[in-house]
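I sat down with this one to see what the fold looks like and which side chains pair up. These are my notes, in the order I looked things up.

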Amino acid sequence: MEFSSKLLEKAVNEMAQLPGIGKRTALRLVLHLLKQPSEQTQFLSQALTTMREEIKFCKSCHNISDVDVCEICSNEKRNHSIICVVEDVRDVMAIENTGQFKGIYHVLGGKISPIDGVGPSQLNINSLIEKVKNDKVEELIFALSSTMEGDTTNFYIYKQIKDCPVKTSTIARGISVGDELEYADEVTLGRSILHRIPFENSLKNN
């Protein structure tokens, strides 16, 4: 791709680093920004800079937040004895959109994947185990993607807390095996939360 401007080329190259954005799409977006009033580009730039500098991760659940403890964890109307364990913040958003879950979350920040060099120590697993051991947690809902890595992560956590007096369940397999949670439709995902099954039962089926 030939560019008539080095400034344009640099902007396109930076934009193309975003996931799902190829060079042609990046060029279209950059040219669109050039057609907009300069203030519009400044608003976008400032919003991104402010987000990057000021955004926080909840000290309790590791969800993205504007404050130290996110709105979900600080909401007294939520059931703090039920924790839904998810891979990342996109899964929190997906489940919240169903309107079916009234507990709180714990964001692991990924899944155990030896091939990718991701082990338990690189995820937010220790804080979850401490929460189960020290807080009044009645149930953990495993809501990771139904992949080999997701099942491995579920099983690892289960083994760490199996002696604790806490119920473990997993979302019903209305979610197809191998599917990512964020791509599931809200009705299917909502039903999977409502019709969750004991985690031990999912082990028998594997």
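**Overall fold.** I counted secondary structure before anything else: the protein chain has 8 helices and 7 strands. I am keeping in mind that this is a predicted model. Next I checked burial, and 38% of the 206 residues count as buried. I also looked at how far along the sequence the contacts reach. Among contacts with a separation of 6 or more, 55% are between residues 24 or more positions apart. For the surface, I get about 12900 Å² exposed by the protein chain, with 52% of that supplied by carbon and sulfur atoms.

**The cores.** Which residues have the most contacts inside the largest nonpolar core? I found Cys84, Val85, Leu140 and Ile157, in a core of 37 residues. I then asked which elements give two or more residues to this core. They are S3, H4, S4, H5, strand S5 (139–142) and helix H6 (148–161). S3 gives the most, with 5 residues.

I picked Cys84 for a closer look and listed its contacts, leaving out residues up to four places away in sequence. Cys84 touches Ile95, Phe101, Ile104, Tyr105, His106, Ile141, Ala143 and Ile193. There is also a second, separate core of 6 residues, and Leu8, Val12, Ala16 and Val30 are among its members.

**Salt bridges.** I went through the charged pairs next, and the count comes to 6 salt bridges. I wrote up three pairs.

- Glu96 with Arg78: I read 2.8 Å between the closest N and O atoms. This pair links distant parts of the chain, since Glu96 is in helix H4 (residues 89–98) and Arg78 is in the loop between strand S2 (64–65) and strand S3 (79–86), 18 residues apart. Glu96 is partly exposed at 28% relative accessible area, whereas Arg78 counts as buried at 13%.
- Glu87 with Lys111: the N to O distance here is 3.6 Å. Are these two buried or exposed? Glu87 is buried and Lys111 is buried too. They again link distant parts of the chain, 24 residues apart: Glu87 sits in the loop between S3 and H4, and Lys111 in the loop between strand S4 (103–107) and helix H5 (126–134).
- Asp88 with Arg90: the closest N and O atoms are 2.7 Å apart. Asp88 counts as buried, at 16% relative accessibility, while Arg90 is partly exposed at 42%.

**A nonpolar patch on the surface.** I looked for greasy side chains on the outside. Leu44, Leu48 and Met51 make a nonpolar surface patch of about 270 Å². I placed Met51 in helix H3 (residues 38–54). Why does Met51 count as partly exposed? Its relative accessible area is 43%, and the partly exposed class lies between the 20% and 50% cut-offs.

**His62 and Asn63.** I checked backbone angles and stopped at His62. Its phi is near 75°, a positive value in a residue other than glycine. I located His62 in the loop between strand S1 (56–57) and S2. With a relative accessible area of 18%, His62 is buried, because anything under 20% goes in that class.

Asn63 lies in the loop between S1 and S2 and is buried as well, at 11% relative accessible area. What is Asn63 in contact with, leaving aside its neighbours within four places in sequence? I listed Lys56, Phe57, Cys58, Cys70, Ile72, Val89, Val92 and Val107.

**Thr170.** My last stop was Thr170, in strand S6 (residues 167–170). Thr170 is buried, with just 2% relative accessible area. I then looked at what sits beside this residue. The C-alpha atoms of Thr170 and Ile141 are separated by 5.3 Å, though the two are 29 residues apart along the chain. A polar atom of the Thr170 side chain lies 3.3 Å from the backbone oxygen of Phe142.

How values were computed: Residues are numbered from 1 along each chain as its sequence is written. This is a predicted model: local features need pLDDT of at least 70, side-chain atom pairs count only at pLDDT 80 or more; totals for chains, interfaces and linings use all residues. Side-chain values use heavy atoms; hydrogens and water are left out. A salt bridge is a side-chain nitrogen of Lys or Arg within 4 Å of a carboxyl oxygen of Asp or Glu. Helices (H or I, at least four residues) and strands (E, at least two) are DSSP runs, numbered from the N terminus. Buried means under 20% relative accessible area, exposed over 50%, partly exposed in between (1.4 Å probe, protein chains only). Patches are made of residues with over 30% relative accessible area and no salt bridge: like charges are joined within 9 Å, nonpolar side chains (Val, Leu, Ile, Met, Phe, Trp, Tyr) within 5 Å. Accessible areas come from the Shrake-Rupley method with a 1.4 Å probe; for residues, only the protein chains shown count as cover. A polar contact is a pair of N or O atoms within 3.5 Å; within protein, one must be able to donate a hydrogen and the other to accept it, and residues adjacent in sequence count only if both atoms are side-chain atoms. A nonpolar core is a set of buried Ala, Val, Leu, Ile, Met, Phe, Trp, Tyr and Cys residues joined through side-chain atoms within 4.5 Å. Contact means heavy atoms within 4.5 Å.
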